[in-house]
Amino acid sequence: MPKLNRMCPEMAGLKSLEELQKYSEQLNAEISSAHLYLSMAAYLDGKSLEGMAHWMKMQAQEELTHSAKFYAYINDINGSVQLDAIPKPDADYGSVKGVFEAVLKHEKHVTALIHKLVQLARNESDYATEIFLQWFVSEQVEEEANVSKLLDDLELIGDKPQGLFMLDRQLGARQAAGSSH
Ligand code: FEO
């Protein structure tokens, strides 16, 4: 039996088509983020910075959990998940610092997307979605703060290989989100 929102959400008194479309767009944006971070991992592995590459692979996994949250929510509200093509990410970031600068730029972009979704939910008096999105608002603050701190560390390290080695070791210890260790 087709889900109501696939037919006519307004008539069913559920979310608007615009809202439903935006949730699928965000689901796809999270998958694209995972793809981007995996390409950054490949760049770092190519420079034998295995710890940083590991950090980036963890980041990619987290993005897939973000997309899964949207997937589940779209289903919970009887929406229809629409998957898009994944854009090809860059393969070369110029330098290690260039990689993390690109991460920060990307996360700021994602933050703006999440804030637009919150605004849309507010405009539509969609309180349930606004609560659902609060987790993402907080997550974006944390993600931007983490990357900004890494950029500060890289700034301090400059071109000292020892510092880069230590940071690589440190980032290699990153555990998956929710891990108790
Ligand atoms: Fe899903 Fe890095 O934001």
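Me: Before we get to the helix pair, what do the angles run between?

Reply: They run from 0 to 180 degrees between N-to-C directions, with axes being lines fitted to C-alpha atoms. Keep in mind that this is a predicted model.

Me: Okay, so how do I describe two packed helices?

Reply: You give the angle between their axes and the distance between the axes. Here, take α5 (residues 96-123) and α6 (residues 127-157): their axes come within 9 Å, and they cross at roughly 160°.

Me: Are α5 and α6 roughly parallel or roughly antiparallel?

Reply: Angles over 145 degrees count as roughly antiparallel, and therefore that's the label for α5 and α6. As for the hand, the crossing of α5 and α6 is left-handed.

Me: And which kinds of residues make up the contact of α5 with α6?

Reply: There's a mix: 16 nonpolar residues, nine charged and five polar.

Me: Let's switch to the backbone. What sign does phi usually have?

Reply: For most residues other than glycine, phi is negative. In this model, S125 goes the other way, with a positive phi of about 50° even though S125 isn't a glycine. You'll find S125 in the loop between α5 and α6.

Me: What about N78?

Reply: N78 isn't a glycine either, and its phi is positive, at about 65°. This residue sits in the loop between α4 (50-76) and α5.

Me: How accessible are N78 and S125?

Reply: Partly exposed covers the range between 20% and 50% relative accessible area. N78 comes in at 33%, so it's partly exposed. S125 counts as partly exposed too, because its relative accessibility is 44%.

How values were computed. Residues are numbered from 1 along each chain as its sequence is written. This is a predicted model: local features need pLDDT of at least 70, side-chain atom pairs count only at pLDDT 80 or more; totals for chains, interfaces and linings use all residues. Side-chain values use heavy atoms; hydrogens and water are left out. Helices (H or I, at least four residues) and strands (E, at least two) are DSSP runs, numbered from the N terminus. Angles under 35 degrees count as roughly parallel, over 145 as roughly antiparallel, 65 to 115 as roughly perpendicular and the rest as oblique. A crossing is left-handed if the near helix is turned anticlockwise from the far one by less than a right angle, and right-handed if clockwise. Ala, Val, Leu, Ile, Met, Phe, Trp, Tyr, Cys and Pro count as nonpolar, Asp, Glu, Lys and Arg as charged, and the others, Gly among them, as polar. Buried means under 20% relative accessible area, exposed over 50%, partly exposed in between (1.4 Å probe, protein chains only).
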